[in-house]
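I opened the notebook to record what I looked up in one structure. The entries are kept in the order in which I made them.

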Amino acid sequence: MKNGRSPRSYPRLTEPLVRVDGVLRPASWQDALDRAADGFRRNLDARGPNALGVFSCSKSTNEVNFLAQKLARVAFGTNNIDSCNRT
């Protein structure tokens with residue numbers, strides 16, 4: 001609790017936010033996804049595929065974990081994927 005308020009009492013985000021000149025501003029979903037994709041692309045171009053990794057959750061469905069490993073291997077070109085399934 002911060003300032004005596006429960007975390008559930010804070011308003012939820014209803015639209016994506018992007019950082020412009022250090023300040024978070026509302027954006028369209030398309031703009032937010034494009035910015036995220038550009039960030040991944042810049043990192044891949046600058047450091048190569050092994051600079052990225054994906055961590056998946058054991059509480060997710062098999063289908064979600066399958067998609068996470070496809071994202072890592074096909075889109076990012078890395079085998080750096082792990083999850084907490086062993087625990």
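The entries below go from the overall layout to single residues.

**Entry 1: layout**

I noted before anything else that this is a predicted model. I looked up the secondary structure and found 2 helices and 4 strands in the protein chain. Read from the N terminus, the elements run β-β-α-β-α-β.

I then looked up burial for the chain as a whole. Of its 87 residues, 20% count as buried. The protein chain exposes about 7,200 Å², and carbon and sulfur atoms supply 54% of that area. For contacts between residues at least 6 apart in sequence, I recorded that 42% join residues at least 24 apart.

**Entry 2: nonpolar core**

Which residues make up the largest nonpolar core? I listed 6 residues: Leu44, Leu52, Val54, Ala68, Ala72 and Phe76. As background, nonpolar side chains in soluble globular proteins tend to be buried together.

I followed valine 54 further. Leaving out residues up to four places away in sequence, valine 54 touches Ala68, Ala72 and Phe76, and also Asn80, Ile81 and Asp82. Ala68, Ala72 and Phe76 are also on the list for the core.

**Entry 3: aromatic pair**

I searched for paired rings and the count came to 1 aromatic pair. The partners are phenylalanine 40 and phenylalanine 76, with ring centres 4.9 Å apart and planes at 35 degrees, so the pair is tilted. The pair links distant parts of the chain, the two residues being 36 residues apart. Phenylalanine 40 sits in helix α1, whereas phenylalanine 76 is in the loop between α2 (62–75) and β4 (81–83).

Are the two partners buried or exposed? Phenylalanine 76 has a relative accessible area of 11%, so I entered it as buried, the limit being under 20%. Phenylalanine 40 has 39% and is therefore partly exposed.

**Entry 4: salt bridges**

How many salt bridges are there? I counted 2 salt bridges.

One joins arginine 35 to aspartate 31, with the closest N and O atoms 3.5 Å apart. Both residues lie in helix α1 (residues 29–47), 4 residues apart, which is about one turn of the helix. Arginine 35 is partly exposed at 39% relative accessibility, and aspartate 31 is partly exposed at 29%.

The other joins aspartate 38 to arginine 41, where the closest N and O atoms are 2.8 Å apart. Aspartate 38 and arginine 41 are 3 residues apart in helix α1, so about one helical turn separates them. I recorded 37% relative accessibility for aspartate 38, which counts as partly exposed. Arginine 41 is partly exposed as well, with a relative accessible area of 47%.

**Entry 5: nonpolar surface**

Which residues make the nonpolar surface patch of about 300 Å²? I wrote down Leu13, Leu17 and Leu24.

Of these I looked up leucine 24, which lies in strand β2 (residues 23–26). Its relative accessibility is 44%, so leucine 24 counts as partly exposed.

**Entry 6: cross-references**

I went back over helix α1, because several entries meet there. Helix α1 holds arginine 35 and aspartate 31, aspartate 38 and arginine 41, and phenylalanine 40 of the aromatic pair. I also marked phenylalanine 76, which appears in the largest nonpolar core, among the contacts of valine 54 and in the tilted pair.

Terms used:
Residues are numbered from 1 along each chain as its sequence is written. This is a predicted model: local features need pLDDT of at least 70, side-chain atom pairs count only at pLDDT 80 or more; totals for chains, interfaces and linings use all residues. Side-chain values use heavy atoms; hydrogens and water are left out. A salt bridge is a side-chain nitrogen of Lys or Arg within 4 Å of a carboxyl oxygen of Asp or Glu. Buried means under 20% relative accessible area, exposed over 50%, partly exposed in between (1.4 Å probe, protein chains only). Patches are made of residues with over 30% relative accessible area and no salt bridge: like charges are joined within 9 Å, nonpolar side chains (Val, Leu, Ile, Met, Phe, Trp, Tyr) within 5 Å. Accessible areas come from the Shrake-Rupley method with a 1.4 Å probe; for residues, only the protein chains shown count as cover. A nonpolar core is a set of buried Ala, Val, Leu, Ile, Met, Phe, Trp, Tyr and Cys residues joined through side-chain atoms within 4.5 Å. Contact means heavy atoms within 4.5 Å. Rings of Phe, Tyr and Trp (its six-membered ring) pair if their centres lie within 6.5 Å; planes under 30 degrees apart count as stacked, over 60 as edge-to-face and the rest as tilted.
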